[in-house]
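Visitor: I'd love a close look at one part of this fold, the central sheet and what packs around it. Could you walk me through it slowly and then show me how the rest of the chain is tied together?

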Amino acid sequence: MQLGMIGLGRMGGNIVRRLMRHGHDCVVFDTNAASVAQLAKEGASPSQDLASFVKQLKAPRAVWVMLPAGPITEATVNALGEVLESGDIIIDGGNSNYQDDVRRAQALKGKGIRYIDVGTSGGVWGLDRGYCMMIGGDATAFNHLDPIFKTLAPGVGTIDKTPGREHMKSTAEDGYLYTGPAGSGHFVKMVHNGIEYGLMQAYAEGLDILKGVNQDSIPAERRYDLNLADITELWRRGSVVSSWLLDLSAISLAEDPELKSYSGYVEDSGEGRWTIQAAIEEAVPADVLTAALYTRFRSRKEHTFAEKLLSAMRKQFGGHKEPGKK
């Protein structure tokens with residue numbers, strides 16, 4: 001099956017590679033000519049501009065946009081809306097806000113262009129492991145693109161079937177799922193990423209406690225020099241807290257036990273914030289997810305004005321002095 005890909009970064013490029021490995025025909029475009037040239041060497045059909053890109057696609061055209069969420073994706077979808085025809089399909093596989101999907105789908109519907117939003121999880125490992133995809137938008141477009149999604153998904157693999165699902169018909173166990181109308185795919189992915197923040201924070205705090213038990217402030221008889229690389233590896237083997245995030249933690253600690261190559265500055269890509277906004281709108285308590293997001297904010301600062309004011313108040317009411325810098 002043919003697919004056009006705009007955006008050949010780490011995920012976009014690897015999506016193309018995985019599709020070509022399984023016999024699909026890919027037409028590619030990116031403002032980075034070197035990325036286009038590289039994939040052309042690997043078998044993709046290169047494009048120098050949007051006009052030549054669209055010209056190479058056969059109707060009904062299917063164009064996957066894999067660009068950073070925000071203005072660049074918005075501009076690209078708008079540009080495609082001007083050159084594609086009725087029956088064609090636009091897929092946003094990035095991390096766009098689901099409300100943008102609803103608006104875009106409605107705008108494109110008037111032109112007969114079908115819109116699909118794909119929440120894509122798998123990162124740089126997706127080329128070999130496959131991508132977990134949460135897919136919203138036009139149902140006919142989803143059905144048409146099923147061979148693409150099936151190829152990109154991990155498949156059943158070696159994961160045991162969930163008891164009770166023996167008679168349920170769903171693509172979920174293959175690693176991709178049609179979730180409903182426009183925006184629903186990115187909405188599910190948004191909450192997925194919010195949960196991811198909380199899971200990551202739990203691992204980070206737990207391992208920090210294990211590391212901190214060896215500090216001088218702990219009585220000598222309760223001071224343990226624990227091997228965190230071994231402990232994370234241990235937990236991967238039959239523990240109730242095993243997960244892919246734990247696998248990745250084990251890899252990181254095996255490579256760099258003290259994590260000396262990291263500063264501790266943690267970005268957030270947007271979905272965590274949007275998840276909290278959705279929780280507020282729905283009046284759903286999201287204590288853990290909110291705290292995890294705020295911790296990421298904290299990681300980007302040394303000491304905020306608020307922390308300085310806390311220290312100043314403690315000195316004023318109790319004479320508490322700050323410890324000297326170590």
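**A walk from the sheet outwards**

Guide: Happily! One point before we set off: a search of the whole structure finds 0 disulfides. Please also keep in mind that this is a predicted model. Two cysteines can be placed straight away: Cys 26 is buried, at a relative accessible area of 1%, while Cys 132 is partly exposed, at 35%.

Now to the sheet. It is an open one of 8 strands, with mixed pairing, and the order across it is β3-β2-β1-β4-β5-β6-β7-β8. The edges are β3 (45-46) and β8 (176-180), each of which pairs on one side only.

Let's stop at β4, which has β1 and β5 as its neighbours in that order. On one side, β1 (residues 2-6) pairs with β4 in the parallel sense over 3 bridges. Along this seam, Gly 4 stands opposite Val 63. On the other side, β4 and β5 also run parallel, joined by 4 bridges. Here the bridge partner of Ala 62 is Ile 89 in β5. To get from β4 to β5 the chain passes through α4, and this β-α-β crossover is right-handed.

What do the two faces of β4 look like? In a regular strand the side chains alternate between the two faces of the sheet. In β4, Ala 62 and Trp 64 lie on one side, Val 63 and Val 65 lie on the other, and all of these are buried. Both faces of the strand are thus covered.

That brings us to the packing. In soluble globular proteins, nonpolar side chains tend to be buried together. In this model the largest nonpolar core has 30 residues. Those with the most contacts inside this core are Val 16, Trp 64, Ile 91, Ile 116, Met 133 and Phe 149. Helix α1 (residues 10-21) gives the most to the core, with 4 residues. Apart from this core lies another, of 17 residues, and Val 63 is among them, as are Val 54, Leu 84 and Ile 90. Trp 64 in the largest core and Val 63 in the other are the β4 residues we have just met on opposite sides of the strand.

Ile 91 is a good place to pause. Setting aside neighbours within four places in sequence, Ile 91 is in contact with four residues we have seen in β4, namely Ala 62, Val 63, Trp 64 and Val 65. Its other contacts of this kind are Leu 3, Ile 116, Val 118 and Leu 145.

From the nonpolar interior we can turn to the charged side chains. Side chains of opposite charge can pair when their charged atoms come close. The count here comes to 19 salt bridges. One of them joins Glu 85 and Arg 61, at 3.4 Å from N to O. This pair links distant parts of the chain, 24 residues apart: Glu 85 sits in the loop between α4 (71-83) and β5 (89-92), and Arg 61 in the loop between α3 (50-55) and β4 (62-65). The two ends differ in exposure, since Glu 85 is partly exposed at 45% relative accessibility and Arg 61 is buried at 13%. There is also a network of salt bridges that links Glu 74, Asp 92, Asp 100, Asp 101, Arg 103 and Arg 104.

Further along the chain, Arg 300 takes part in two salt bridges. With Glu 267 the N to O distance is 3.8 Å. That pair spans 33 residues, from the loop between α11 (244-255) and α12 (271-282) to the loop between α13 (287-299) and α14 (305-318). With Asp 268 the distance is 2.5 Å, and these partners are 32 residues apart. Asp 268 is buried, at 10%, whereas Glu 267 is partly exposed at 48% and Arg 300 is partly exposed at 23%.

One last stop is Arg 223, in the loop between α9 (184-212) and α10 (228-235). Arg 223 is partly exposed, with a relative accessible area of 31%. Although 10 residues separate Arg 223 from Val 213 in sequence, their C-alpha atoms are 5.6 Å apart. Beyond four places in sequence, Arg 223 is in contact with Val 213, Asn 214, Gln 215, Asp 216 and Ile 218.

Definitions and conventions
Residues are numbered from 1 along each chain as its sequence is written. This is a predicted model: local features need pLDDT of at least 70, side-chain atom pairs count only at pLDDT 80 or more; totals for chains, interfaces and linings use all residues. Side-chain values use heavy atoms; hydrogens and water are left out. A disulfide is a pair of cysteine sulfur atoms within 2.5 Å. Buried means under 20% relative accessible area, exposed over 50%, partly exposed in between (1.4 Å probe, protein chains only). A salt bridge is a side-chain nitrogen of Lys or Arg within 4 Å of a carboxyl oxygen of Asp or Glu. Two strands pair if DSSP finds at least two bridges between them. A crossover is right-handed if, with the strands pointing away from the viewer, the path from the first strand over the helix to the second runs clockwise. A nonpolar core is a set of buried Ala, Val, Leu, Ile, Met, Phe, Trp, Tyr and Cys residues joined through side-chain atoms within 4.5 Å. Contact means heavy atoms within 4.5 Å.
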